[in-house]
Amino acid sequence: MLNPQLSSLIVTTEGLKNITNILNKLREDTKARYIILVEKSGQMIANVGEETPFTMPLSALVAGAFASTREIAKLVGETEFNVMYQQGKNRNIYICALKTQDLLTVVFDESPSLGIVKIKTKEVSEALSNEILAMLHKK
Amino acid sequence: MALINYSSREIHCKIVYYGTGLGGKTTNLEYVHKTLNPQIRGEMVSLNTANERTLFFDFLPLDLGSVQGFRTKFSLYTVPGQVEYNASRKLVLNGADGIVFVADSQMEKMQENIDSLKNMEENLAEYSMTLDSLPWVLQYNKRDLPNAAPLDVLERTLNTRGVRSFEAVAYKGIGVFDTLKAISKEVLNRLT
Ligand SMILES: Nc1nc2c(ncn2[C@@H]2O[C@H](COP(=O)(O)OP(=O)(O)OP(=O)(O)O)[C@@H](O)[C@H]2O)c(=O)[nH]1
Ligand SMILES: [Mg+2]
């Protein structure tokens, strides 16, 4: 038997289904290419959209980049650091920290506006946090 | 922290290679990457300085087969050993399920090993973890060098808790897989 007490996050079939539904809806609303939900220590929890062979290194790097930028923010006196945005020529990456500190990562091209991505990710972040918290507390 | 996915039937664990600068942490991962079949290991990502020292971390994902019907996936990370990179070292430790402490066997590196081990305990404490609660193993690397300290000196100095320890010559691969097998087994034992 797996010992659930010692592992901190158990992704249940039902929880993953709920999360995937939320992410799929978010993807429709934002026209994102793909969306990855990354656990704060760098593991992927869920992904939707275009298949990419790089979800594992992407998750590790997203968690690292975000953690590092948040530390920088702290050092310059900013404590409310929840969002990171990188704008490229073809691709944009929007990362938003949930209240569980897990990272909602949206990769999109120029078609949707950043404003829409911002608003829509904000709208789902509460629901996503709740799904994760429910799995964390399930024993 | 381990992530157990009942939907895909996968267990994901994070193992961190810690230790002094130039001790051979990156070399361990490079050897694993070079040796394993691409079907069971992913690409290695290295965030380096211009002179090949680790700046933030190395990352190597592995698929180590099945346990009780779950595929076990390990993410190996190294930290930067250089003293001044403590902020990034601490970030990489976040969520570690197991640690390999890579000690440099050279006599003159003994104090650096001691300091690095102490630094690791301090950083773990920030995540409310201790060396008594977390699976970890020791690797005494660079056994090939003439100035390597005798094994019993290393054991007495660094292994006061009596964890499993391995002699290694990482660039030749000696001890690399023994170390990895031991830590992955200990991590899985905790979970199951
Ligand atoms: N002689 C000898 N050299 C080794 C051994 N293992 C690694 N090295 C060499 O030691 C040097 C440093 O190795 P790295 O793996 O980059 O060390 P590191 O611990 O990752 O160092 P940082 O990234 O600065 O923390 C390299 O030149 C390696 O080839 C060993 O067992 N014996
Ligand atoms: Mg290195």
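Q: Which side chains meet in a salt bridge with an N to O distance of 3.8 Å?

A: Side chains of opposite charge can pair when their charged atoms come close. In this predicted model, the side chains of E112(B) and K109(B) form such a salt bridge, at 3.8 Å from N to O.

Q: Is K109(B) buried or exposed?

A: A residue is called buried when its relative accessible area is under 20%. K109(B) has a value of 18%, so K109(B) is buried. Its partner E112(B) stands at 38% and therefore counts as partly exposed.

Q: How many salt bridges does the structure hold over all chains?

A: Counted over all chains, there are 18 salt bridges. One of them joins E71(A) to K74(A), with 3.2 Å between the closest N and O atoms.

Q: Where do E71(A) and K74(A) lie, and how many residues apart are they?

A: Both belong to helix α2 of chain A and are 3 residues apart, which means that about one helical turn separates them. E71(A) is partly exposed, at a relative accessible area of 24%, and K74(A) is also partly exposed, at 48%.

Q: Which residue forms a salt bridge with E122(B)?

A: The partner is K118(B), and the closest N and O atoms are 3.4 Å apart. These two residues lie in helix α3 (residues 110-126) of chain B, 4 residues from each other, or about one turn of the helix. E122(B) has 42% relative accessibility and counts as partly exposed, whereas K118(B), at 52%, counts as exposed. Elsewhere, salt bridges with shared partners link E10(B), D63(B), R71(B) and K73(B) into one network.

Q: What is the order of the strands in the open sheet of chain A?

A: A sheet is read by following its strands from one neighbour to the next. Here the 5 strands follow the order β3-β2-β6-β5-β4 in chain A, with antiparallel pairing. β3 (44-49) and β4 (83-87) of chain A each have a single partner strand, so these edge strands have one side without a neighbour in the sheet. From one strand to the next, the twist averages 10°.

Q: How many bridges pair strand β5 with strand β6 of chain A?

A: Strand β5 (residues 92-97) and strand β6 (residues 103-108) of chain A are paired in the antiparallel sense over 6 bridges. Within this part of the sheet, N92(A) has F108(A) of β6(A) as its bridge partner.

Q: Which helix packs on the sheet and makes about 65° with the direction of β2(A)?

A: A helix can be described by the strands it touches and by its direction relative to one of them. Helix α2 (residues 55-75) of chain A touches β2 (34-38), β3, β4, β5 and β6 of chain A, and its direction is at about 65° to that of β2(A). Helix α3 (residues 114-137) of chain A also lies across β2, β3, β4, β5 and β6 of that chain, and runs at about 145° to β6(A).

Q: Which residues make the nonpolar surface patch of about 360 Å²?

A: The patch is made by I72(A), L75(A) and V76(A). V76(A) is placed in the loop between α2 and β4 of chain A. Its relative accessible area is 66%, so V76(A) is exposed.

Q: With which residues is V67(B) in contact, leaving aside its neighbours within four places in sequence?

A: V67(B) contacts T72(B), L188(B) and T192(B). V67(B) belongs to strand β4 (residues 54-67) of chain B and, at 24% relative accessibility, counts as partly exposed. Along the chain, V67(B) and I11(B) are 56 residues apart, while 9.0 Å separates their C-alpha atoms.

Technical notes. Residues are numbered from 1 along each chain as its sequence is written. Chains are lettered from A and ligands numbered from 1 in the order in which they are written. This is a predicted model: local features need pLDDT of at least 70, side-chain atom pairs count only at pLDDT 80 or more; totals for chains, interfaces and linings use all residues. Side-chain values use heavy atoms; hydrogens and water are left out. Two strands pair if DSSP finds at least two bridges between them. Axes are lines fitted to C-alpha atoms, for helices over the stretch in contact, and angles run from 0 to 180 degrees between N-to-C directions. Contact means heavy atoms within 4.5 Å. Patches are made of residues with over 30% relative accessible area and no salt bridge: like charges are joined within 9 Å, nonpolar side chains (Val, Leu, Ile, Met, Phe, Trp, Tyr) within 5 Å. Accessible areas come from the Shrake-Rupley method with a 1.4 Å probe; for residues, only the protein chains shown count as cover. A salt bridge is a side-chain nitrogen of Lys or Arg within 4 Å of a carboxyl oxygen of Asp or Glu. Buried means under 20% relative accessible area, exposed over 50%, partly exposed in between (1.4 Å probe, protein chains only).
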